[in-house]
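Got your viewer open? Load the model, switch to a cartoon view, and keep the selection box handy.

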Amino acid sequence: MNLILFGPPAAGKGTQSRRLAQEHGFIQLSTGDMLRAARSSGSELGQRVAKIMDEGALVSDEIVIALIDEQLETHSQAPGFIFDGFPRTVGQAKALDACLEKRGKAVDLVIRLKVDEEKLISRITKRFAEEGRKDDNPETFISRLEQYNANTAPLLPLYADRGLLVEVNGMGSIEEVSLQIDTACKEVAN
Ligand code: AMP
């Protein structure tokens, strides 16, 4: 099964993707993690994207699509993929369809984690204090939310029209959210 975990920053996509990957053997593809790894390694790509990420802006479609395509190729035998933080633009969504189609696959399910902005801000304040991720500072976080609202949220009606979208209340505990996601996955699998 190929699943997109959709939602604003701090909605819980990473937590749920890691869990699903562990429990079902799916491959988690987080473009944010890939870009952070590129930065830590000091690669040319990492240097190119550092400033953009620190400003809370979006890295170019071309870069993230290439990262995803490479991972799909590397893990061609995987039983499924969880896309975490990708796609974030209409261009990325179209490219994902094409990348999957050329491998005889498709997006099977899009789970939207719904969390209100007040809760996102309280989560990010905590994460910033605990992990110190530069782009979690309050000012940058607002830019990331704006990017989500302007470029990423418009994908929701496109996936809804295709009958792929399931909305999940992301405000509860990890266990409560997990239960809703697992129910949606089972319905698609059957
Ligand atoms: P994340 O960990 O998913 O919140 O991503 C951290 C940062 O990496 C984002 O604020 C963007 O600067 C960049 N990024 C991650 N994924 C994408 C994507 N799919 N498209 C563009 N930029 C991305």
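What follows is a stop-by-stop walk through a predicted model.

**Stop 1: the ligand**

Start by selecting the ligand and the residues around it. How many residues surround the ligand? There are 16, and the closest are Thr-31, Arg-36, Ala-57, Arg-88 and Gln-92. Colour that shell by class and you'll get seven nonpolar, four polar and five charged residues. Helix H2, residues 31–41, supplies the largest share of the shell, with four residues.

Now put some distances on screen. From an oxygen atom of the ligand to a backbone N or O atom of Ala-57, the gap is 2.6 Å. Go to Arg-88 next: an N or O atom in the Arg-88 side chain sits 2.9 Å from a nitrogen atom of the ligand. Then try Arg-133, where a side-chain N or O atom is 3.3 Å from an oxygen atom of the ligand. Switch on a surface while you're here: the ligand taken alone exposes 480 Å², and the protein buries 96% of that.

**Stop 2: Thr-31**

Stay with the shell and select Thr-31, which is in helix H2. Is Thr-31 buried or exposed? Thr-31 counts as buried because its relative accessibility is 2%, and the cut-off for buried is under 20%. Show its contacts, skipping neighbours within four places in sequence, and you'll find Val-64, Ile-68, Asp-84, Gly-85, Phe-86 and Arg-88.

**Stop 3: helix H4**

Two of those names lead on to the next helix. Select residues 61–74, helix H4. Its 14 residues reach 20 Å from the first C-alpha to the last, close to the 20 Å expected at 1.5 Å a residue. Which residues of H4 are buried? They are Ile-63, Val-64, Ile-65, Leu-67, Ile-68 and Leu-72. Show their side chains, then look at what they pack against: strand E2 (27–30), H2, helix H3 (44–54), E3 and H5.

**Stop 4: two backbone oddities**

Time to look at the backbone itself. As a rule, most peptide bonds are trans, and most residues other than glycine have a negative phi.

Zoom in on Phe-86 and Pro-87, which are joined by a cis peptide bond with omega at about 0°. You'll find Pro-87 in the loop between strand E3 (81–84) and helix H5 (90–101).

Next, select Ala-10. Its phi is near 75°, a positive value in a residue other than glycine. Ala-10 lies in the loop between strand E1 (2–6) and helix H1 (13–24). With a relative accessibility of 13%, Ala-10 counts as buried.

**Stop 5: helix H1**

Follow the chain from that loop into H1 and pick Arg-19, which is in this helix. At 13% relative accessibility, Arg-19 counts as buried. Not counting residues up to four places away in sequence, Arg-19 touches Ser-178, Ile-181 and Asp-182. Draw a line between the side chains of Arg-19 and Ser-178 to see a polar contact of 3.1 Å.

Ala-21 is also found in H1. It counts as buried, with 17% relative accessibility. Its contacts, again leaving out residues up to four places away in sequence, are Phe-26, Gln-28 and Ile-82. Try a C-alpha to C-alpha distance from Ala-21 to Gly-80: these two are 59 residues apart in sequence and 9.0 Å apart in space.

**Stop 6: helices H6 and H7**

Select residues 117–131 for helix H6. It has 15 residues and spans 20 Å from first C-alpha to last, close to the 21 Å expected at 1.5 Å a residue. Step just past the end of H6 to Gly-132, whose phi is positive, at about 65°.

Then jump to Arg-144 in helix H7, residues 138–152. Arg-144 counts as buried, at 11% relative accessibility. Leaving aside neighbours within four places in sequence, its contacts are Pro-9, Gly-56, Arg-127, Arg-133, Asp-135 and Asp-136. Arg-133 takes you back to the ligand, where its side chain has an N or O atom 3.3 Å from a ligand oxygen.

**Last stop: Glu-176**

Finish in helix H9, residues 174–189, by selecting Glu-176. Glu-176 counts as partly exposed, at 48% relative accessibility. For a final distance, click the C-alpha atoms of Glu-176 and Ala-95: they are 81 residues apart along the chain and separated by 33 Å.

Definitions and conventions: Residues numbered from 1 in each chain as written. Predicted model: local features only at pLDDT ≥ 70, side-chain atom pairs only at ≥ 80, totals over all residues. Heavy atoms only, no water. Helix = DSSP H or I, 4+ residues; strand = E, 2+ residues; numbered from the N terminus. Expected span 1.5 Å × (residues − 1). Buried < 20%, exposed > 50% of the residue type's maximum accessible area, 1.4 Å probe, protein only. Near = heavy atom within 4 Å. Polar contact = N/O pair within 3.5 Å; in protein donor to acceptor, adjacent residues only side chain to side chain. Areas by Shrake-Rupley, 256 points an atom, 1.4 Å probe, with all protein chains shown as cover. Nonpolar A, V, L, I, M, F, W, Y, C, P; charged D, E, K, R; others polar. Contact = heavy atoms within 4.5 Å.
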